[in-house]
Amino acid sequence: MSWSDPIADMLTRVRNASRVGQTEVNVKASKICAGIAAVLQQEGYIEGYDRIEDGKQGVLRVRLKYDPEGAPAITEIRRVSKPGCRMYAGVDELPKVQGGLGIAVVSTSKGIVSDRSCRENKVGGEVLCTVS
């Protein structure tokens with residue numbers, strides 16, 4: 001498990017769980033991971049998430065979403081900004097994931113939001129990950 005990058009740890013757990021068809025995955029709780037989970041829920045990539053207190057840091061239980069045929073809603077989830085190389089983008093420079101079919105999750109001064117919300121609010125920030 002990665003101690004230095006909780007975002008990459010979360011994305012890897014979600015990616016692996018969706019590939020093997022699990023309905024739920026547990027992730028170490030943090031404000032940034034909860035923000036990413038909230039954006040994924042708003043955009044329809046996961047069914048939801050719950051915070052479970054375990055007496056320590058806490059756990060986020062993420063409920064994954066699948067279509068009626070069993071294909072996962074998340075086909076690709078990739079970390080963009082890494083601890084060794086941060087990637088910032090202005091509102092005009094935000095990536096269009098798969099021509100607008102996917103989303104980019106961005107950390108802004110307004111909180112963690114999708115690239116669509118960034119364009120509406122005319123704000124840029126650190127591009128955390130892309131989801132399609």
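Disulfides first. This is a predicted model. With a cut-off of 2.5 Å between cysteine sulfur atoms, the count of disulfides comes to zero. Take Cys33: the nearest cysteine sulfur belongs to Cys129, and that sulfur is 10.0 Å away. Turn it round and look from Cys129: the nearest cysteine sulfur is that of Cys33, at 10.0 Å. So neither Cys33 nor Cys129 is in a disulfide, because a disulfide needs the sulfur atoms within 2.5 Å.

Are these cysteines buried or exposed? Cys33 has 0% relative accessibility, so Cys33 counts as buried. Cys129 also comes out at 0%, and therefore counts as buried.

Now the helices. Cys33 brings us there, as one of the helix 2 residues that meet helix 1. Helix 1 covers residues 6–20, and helix 2 covers residues 31–42. Their axes are 9 Å apart, and the packing angle is about 40°. That makes helix 1 oblique to helix 2. What is the handedness of the crossing of helix 1 and helix 2? The crossing is right-handed. Which residues meet there? From helix 1, we have Pro6, Ile7 and Met10. From helix 2, we have Ile32, Cys33, Ile36 and Ala37.

Next, the sheet these helices lie across. Three strands make up an open sheet, in the order 1-3-2, with antiparallel pairing. Strand 1, residues 24–28, and strand 2 are the edge strands, and each of them pairs on one side only. On average, neighbouring strands of this sheet are turned by 25° against each other, direction ignored.

How do the helices sit on it? Helix 1 lies across strand 1 and strand 3, and runs at about 170° to strand 1. Helix 2 lies across strand 1, strand 2 and strand 3. The angle of helix 2 to strand 2 is about 155°.

Let's go into the pairing of strand 2 and strand 3. Strand 2 is residues 46–52, strand 3 is residues 59–64, and six bridges join them in the antiparallel sense. Two pairs to find on screen. Asp50 stands opposite Arg61 in strand 3. Ile52 has Val59 as its bridge partner in strand 3. The hairpin of these two strands has six residues between the strands. In that hairpin, look at Gly55: its phi is positive, near 85°.

On to strand 6, residues 103–108. Five of its six residues are buried, so strand 6 is largely enclosed by the rest of the structure. What does strand 6 pair with? Five bridges join strand 6 to strand 8, residues 125–131, and these strands run antiparallel. Ala104 stands opposite Thr130 in strand 8. Four bridges join strand 6 to strand 7, again antiparallel. Here Ser107 stands opposite Ile112 in strand 7. The hairpin from strand 6 to strand 7 goes through two residues.

Last stop, Ser114. This serine lies in strand 7, which is residues 111–114. Its relative accessible area is 3%, so Ser114 is buried. What does Ser114 touch, leaving aside residues up to four places away in sequence? The contacts are Val39, Glu43 and Ala104. Two of those names link back to earlier stops. Val39 falls within helix 2, residues 31–42. Ala104 is the residue opposite Thr130 in strand 8.

Conventions. Residues are numbered from 1 along each chain as its sequence is written. This is a predicted model: local features need pLDDT of at least 70, side-chain atom pairs count only at pLDDT 80 or more; totals for chains, interfaces and linings use all residues. Side-chain values use heavy atoms; hydrogens and water are left out. Buried means under 20% relative accessible area, exposed over 50%, partly exposed in between (1.4 Å probe, protein chains only). Contact means heavy atoms within 4.5 Å. Two strands pair if DSSP finds at least two bridges between them. Axes are lines fitted to C-alpha atoms, for helices over the stretch in contact, and angles run from 0 to 180 degrees between N-to-C directions. Angles under 35 degrees count as roughly parallel, over 145 as roughly antiparallel, 65 to 115 as roughly perpendicular and the rest as oblique. A crossing is left-handed if the near helix is turned anticlockwise from the far one by less than a right angle, and right-handed if clockwise.
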